[in-house]
Amino acid sequence: MRKKSSNKTAVTGELAKVPSGIKGLDVITGGGLPKGRPALVSGGPGCGKTLFAMEFIIRGITDYNEPGVFVAFEEKIDDLKKNFTSLGFDLQNLIDQKKLVLDHIFIDRTEIEEAGEYDLEGLFIRLGALIDEVGAKRIAIDTLEAIFSGFSNEAILRSELRRLFLWLKDKGITAVVTGERGDHTITKYGLEEYVADCVITLDHQVKNQIATRRLRIIKYRGSSHGTDEYPFLISADGISVLPITSMSLSHTATKERIKSGIPRLDAMLGGEGYYRGSSVLISGQAGTGKTSISATFADAACRRGEKCIMMVFEESESQVVRNMKSIGLDLEKWIKKGLLKFHAVRPTAYSLEMHLSMMIRLIDEFKPKVIVVDPISNLYPVGDDIQVRSMLMRFIDYAKSHQITGLFTNLSEDAATNPYTLEATQMHVSSLMDTWIILKNIEGNGERNRTFSIIKARGIAHSNQLREFLMTPQGIQLLDLYKGTEGVLFGSARVAQENREAASRVIRNEEIERRQRELDRKKRIMENEIAMLKEKFARDEDEIRILIEQDLSREKVVEQSQDELAVLRKAENRGKVR
Amino acid sequence: MPTKKSIAEVSCEPGSEPPGEIWELRLYVAGQTPNSLTAFENLKNICQEHLEGRYRIEVIDLVANPQLAKGDQIIAVPTLIRKLPTPVKKIIGNLSNTEKVLVGLDLRKVK
């Protein structure tokens with residue numbers, strides 16, 4: 001069996017690689033693990049070595065049709081099957097299909113006596129048999145170092161290990177060998193000495209009680225690779241490595257605009273609202289109405305029939321829904337219609353990377369047009385400035401590359417003393433944002449009032465005016481501030497000033513009305529008098545006419561009687577004489 | 001005695017010491033390497049000396065029967081397994097350290 005190890009060194013051009021199938025790993029390694037060579041994965045207990053090895057084998061079978069062998073030194077077959085079933089890998093099915101072989105190599109130091117020279121040919125024969133059983137192209141050996149606890153002659157072990165790695169290479173099988181991390185070395189027993197081609201370390205850092213898993217490629221001979229520590233996640237579908245800077249600034253920008261849900265705000269943004277696919281930051285102190293603006297934006301998206309995800313870090317879904325009813329938003333309706341989805345989670349429940357991965361997965365599943373994150377400032381307890389910024393940057397890049405408009409709120413901390421100070425944290429984040437709206441609480445005259453202003457809006461001719469921001473049962477309203485002879489006034493001062501002005505206006509109006517009435521009255525008096533005069537004249541006219549009539553008739557009577565007298569006189573003369 | 005066959009049975013003639021049970025020993029080797037041959041020679045000698053007439057040696061060549069390595073969890077070769085009497089004992093190496101073999105087989109108590 002002991003063949004002379006002749007290294008198949010077909011060094012022609014680029015190193016051949018096989019995709020590991022582990023999400024993200026193939027991106028940072030530029031294609032996967034070295035083909036036909038062993039790779040070493042080392043890490044402390046519980047950092048995911050076994051999963052890494054198993055996923056490499058299973059993805060090889062399911063995604064690349066490469067049968068595989070998994071050799072476990074520390075876990076029994078049944079335990080392995082159970083553990084991986086809970087992660088969604090059906091090992092038994094693959095075994096039945098003759099694609100996978102599991103073997104447990106058990107070493108118990110106590111029952112072995114060493115008497116004379118030996119070698120590990122038995123192991124080679126076993127591995128060889130397993131490989132031949134399914135025609136394996138991949139093998140995982142987890143944790144090879146266990147053999148150090150089984151045998152005392154380290155000189156033999158080391159020479160046998162060297163032989164093992166050469167043998168694996170010789171067989172042209174791609175191997176993942178796991179090893180326990182040592183105190184100051186990559187592995188406890190220095191396995192990295194023998195695996196020259198590819199060494200990956202897994203790590204589990206805990207900061208502020210939140211664990212972040214990290215993966216780093218220590219060496220990858222003959223290949224360029226990312227040298228950073230890459231966060232990785234273990235989730236329901238295995239490991240996913242997140243390259244921190246895999247995204248580039250290459251997303252295309254549209255000219256399409258979308259409404260903010262607040263007509264007045266749209267008017268301030270050149271009359272059309274935000275750009276689609278842009279990122280909007282709403283920052284302000286506690287209680288300035290950030291969530292209300294976000295919810296209004298979400299509501300507007302749903303009204304257009306677009307899907308929206310609200311990621312809330314402070315309130316539960318039902319709490320937001322209830323609270324938004326007070327400003328006249330019925331979010332429940334959209335949830336029922338399947339247009340709105342809530343992702344309410346405590347920021348401290350997961351690491352930043354886990355958050356990012358969950359958010360991205362949610363976007364992939366739900367395919368929203370609009371996302372709201374409320375508030376991003378709650379992520380700060382989870383990571384430091386740089387981490388949060390880098391996480392947001394990746395998230396925003398991801399959203400932009402999918403033409404998703406993102407609205408992020410940020411709670412400002414110390415603006416109480418000087419409301420016009422821009423905080424350092426905001427400055428960090430704001431450079432990632434296309435539009436930045438600031439909400440302020442302004443105290444004065446024994447009350448607090450909300451003001452609203454647009455700090456920046458990339459590519460949009462926007463209003464520079466401060467607006468008073470009101471939350472009414474009919475929704476959010478933006479009002480002009482009072483700008484008059486008394487200066488700039490907000491809130492009740494504005495209202496009072498407006499009332500005073502209204503009062504004096506009323507008085508002036510009343511005066512005008514009074515004069516008008518006076519004039520009317522005089523006119524009426526004059527008209528009455530005219531009427532009376534006319535009537536009197538009419539009466540006089542009648543009387544005079546009657547008198548004239550009487551005079552005329554009397555005249556006539558006088559004439560008549562003279563005539564009669566004359567007649568009488570003649571007749572007497574004429575009649576008696578005859 | 002070299003093992004041409006993959007599994008060789010080496011029984012001894014009926015013993016002069018009738019009492020005592022038969023020892024069943026199994027020697028795993030991988031081909032006829034120097035270690036395999038040495039281990040077989042050493043084992044035979046030890047048995048002749050200490051278990052005259054009460055032993056049976058089974059030699060298993062894993063090169064010919066690789067699947068047999070699994071049952072007894074063989075990693076190192078040569079490996080000697082004492083199947084009987086129970087409990088099962090496991091000794092690895094070419095058995096050149098006679099003292100250790102005897103201790104391992106419970107033929108001599110550790111002083």
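**A buried leucine, the chain B interface and the cores of the model**

B:Leu95 counts as buried, because 28 C-beta neighbours lie inside 10 Å and 20 are enough for that class. The model is predicted. B:Leu95 sits in the loop between S5 and H3 of chain B. Its phi is positive, about 60°, although the residue is not a glycine. B:Leu95 is also one of the contacts of B:Leu43.

Beyond its neighbours within four places in sequence, B:Leu43 touches B:Leu25, B:Leu27, B:Ile57, B:Leu80 and B:Leu95. B:Leu43 belongs to the largest nonpolar core, which has 101 residues. B:Leu43 is among the residues with the most contacts inside that core; the others are A:Phe70, A:Val71, A:Ala140 and B:Leu27. Residues of chain A and chain B thus appear in one list. Helix H2 of chain A, residues 49-64, gives the most to this core, with seven residues. A second core is separate and has 64 residues. Its members include A:Ala298, A:Phe408, A:Ile460 and A:Leu478. In soluble globular proteins, nonpolar side chains tend to be buried together.

A second positive phi in chain B belongs to B:Gln73, near 50°, again in a residue other than glycine. B:Gln73 lies in the loop between H2 and S4 of chain B. B:Gln73 counts as partly exposed, because it has 19 C-beta neighbours inside 10 Å and the buried class begins at 20. B:Leu95, by contrast, counts as buried.

Chain B holds three helices and five strands. Read from the N terminus, the order of its elements is β-β-α-β-α-β-β-α. The chain has 111 residues, and 38% of them count as buried. Among its contacts between residues at least 6 apart in sequence, 70% join residues at least 24 apart. One peptide bond, from B:Leu84 to B:Pro85, is cis, with omega near -5°. B:Pro85 falls in the loop between strand S4 (79-84) and S5 of chain B.

The interface brings 29 residues of chain B into contact with 23 residues of chain A. On the chain B side, the elements that give two or more residues are helix H2 (68-71), strand S5 (89-92) and helix H3 (98-104). H3(B) supplies the largest share, four residues. By class, the chain B side divides into 16 nonpolar, 10 polar and three charged residues. Strand pairing also crosses between the chains. Strand S6 of chain A, residues 112-114, pairs with S5(B) in the parallel sense over three bridges. At one of these positions, A:Ile112 has B:Lys90 as its bridge partner in S5(B).

Chain A has 15 helices and 25 strands. Of its 578 residues, 40% count as buried. Contacts in chain A between residues at least 6 apart in sequence join residues at least 24 apart in 70% of cases. An antiparallel pair is formed by strand S11 (residues 229-235) and strand S12 (residues 238-241) of chain A, joined by four bridges. A hairpin through two residues connects S11(A) to S12(A). A:Ser235 has A:Gly238 of S12(A) as its bridge partner.

Helix packing in chain A is illustrated by H12 (residues 352-366) and H13 (residues 385-401). Their axes lie 10 Å apart and meet at an angle of about 10°. H12(A) is therefore roughly parallel to H13(A), since angles under 35 degrees fall in that class. H12(A) contributes A:Leu352, A:Leu356, A:Met359 and A:Ile360 to the contact. From H13(A) come A:Gln387, A:Val388, A:Met391, A:Arg394, A:Phe395 and A:Tyr398. The residues of this contact divide into eight nonpolar, one polar and one charged.

A cis peptide bond is also found in chain A, from A:Asp374 to A:Pro375, with omega near -15°. A:Pro375 is placed in the loop between strand S18 (370-374) and H13 of chain A. H13(A) is the helix that packs with H12(A).

Conventions
Residues numbered from 1 in each chain as written. Chains lettered and ligands numbered in written order. Predicted model: local features only at pLDDT ≥ 70, side-chain atom pairs only at ≥ 80, totals over all residues. Contact = placed C-beta atoms within 7 Å. Nonpolar A, V, L, I, M, F, W, Y, C, P; charged D, E, K, R; others polar. Pairing = 2+ DSSP bridges. Buried ≥ 20, exposed ≤ 12 C-beta atoms within 10 Å, placed from the backbone. Axes fitted to C-alpha atoms, helices over the stretch in contact; angles between N-to-C directions. Parallel < 35°, antiparallel > 145°, perpendicular 65-115°, else oblique. Core = buried A, V, L, I, M, F, W, Y, C linked by C-beta atoms within 7 Å.
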